[in-house]
Amino acid sequence: NIKILVDTRYPSKAQSASFLYLIPIISFMVGTLCFVIGIKGFFNAFKIFKQKKELIKNGKKQYVKVSNIEIDTSMRINKKNPFKVICNLEDNKGSFQKIKSESYMFLPLNIEDFYVAVYFDTLDSSKYYIDINDARKNL
């Protein structure tokens, strides 16, 4: 039963005495929104994974010396900030380009004195992937 409150002077402005019927509607709308955002995030993560796999398979591999390890302050997980590996890549003209890895919560070892594998797209050198699992002390 839904009770309706009616003012006899203004019967066209009748109101429900309870807003409980709105709870399922609002819950459904919020749930649908969260579902859509989750699906978009899933497809984004899958797209990034595919791009990394493609770079590793078909990209040009080059070992680059790690120049720095930086704390990524743009995000925080369990009150801890992840790390980014910074490398300086020297191009053919002698100038340096600063490239950053994706964020890592834990670095496998102190890799500041190491060389890491960097996979570059053969057509677009601005697309790259730094593989810290393939780190070498000496070349």
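This passage describes the nonpolar core, a nonpolar surface patch and selected residues of a predicted model.

The largest nonpolar core of the model comprises 20 residues, and those with the most contacts inside it are Cys87, Ile99, Ile111, Val116, Val118 and Ile130. Two or more residues are given to this core by each of the strands β3 (60-71), β4 (83-90), β6 (115-120) and β7 (128-136), and among these elements β6 gives the most, with five residues. The surroundings of Val116, one of the residues with the most contacts inside the core, were examined individually. When residues up to four places away in sequence are not counted, Val116 touches Gln62, Tyr63, Val64 and Val66, together with Cys87 and Ile111, and also Ile130, Asp131, Ile132, Asp134 and Ala135. The contacts of Val116 thus include Cys87, Ile111 and Ile130, which are themselves listed among the residues with the most contacts inside the core.

Ile130 also appears in the surroundings of Ser101, a residue placed in the loop between β5 (96-100) and β6. Ser101 has a relative accessibility of 5% and therefore counts as buried, the cut-off for this class being under 20%. Leaving aside residues up to four places away in sequence, Ser101 touches Lys84, Val85 and Ile130. With Val85 there is in addition a specific polar approach, in which the side chain of Ser101 reaches the backbone nitrogen of Val85 at 2.8 Å.

On the surface, a nonpolar patch of about 900 Å² is made by Ile2, Ile4, Val6, Phe19, Tyr21, Ile25, Phe28 and Met29. The elements that give two or more residues to this patch are strand β1 (4-7) and helix α1, of which α1 gives the most, with three residues. Ile4, one of the residues that make the patch, lies in strand β1. Its relative accessibility is 53%, so Ile4 counts as exposed, given that this class begins over 50%.

Helix α1 spans residues 22-58 and also holds Gln51. With a relative accessible area of 43%, Gln51 is partly exposed, because this value falls between the limits of 20% for buried and 50% for exposed residues. Although Gln51 and Tyr129 are 78 residues apart along the chain, their C-alpha atoms are separated by 9.1 Å.

Conventions: Residues are numbered from 1 along each chain as its sequence is written. This is a predicted model: local features need pLDDT of at least 70, side-chain atom pairs count only at pLDDT 80 or more; totals for chains, interfaces and linings use all residues. Side-chain values use heavy atoms; hydrogens and water are left out. A nonpolar core is a set of buried Ala, Val, Leu, Ile, Met, Phe, Trp, Tyr and Cys residues joined through side-chain atoms within 4.5 Å. Buried means under 20% relative accessible area, exposed over 50%, partly exposed in between (1.4 Å probe, protein chains only). Helices (H or I, at least four residues) and strands (E, at least two) are DSSP runs, numbered from the N terminus. Contact means heavy atoms within 4.5 Å. Patches are made of residues with over 30% relative accessible area and no salt bridge: like charges are joined within 9 Å, nonpolar side chains (Val, Leu, Ile, Met, Phe, Trp, Tyr) within 5 Å. Accessible areas come from the Shrake-Rupley method with a 1.4 Å probe; for residues, only the protein chains shown count as cover. A salt bridge is a side-chain nitrogen of Lys or Arg within 4 Å of a carboxyl oxygen of Asp or Glu. A polar contact is a pair of N or O atoms within 3.5 Å; within protein, one must be able to donate a hydrogen and the other to accept it, and residues adjacent in sequence count only if both atoms are side-chain atoms.
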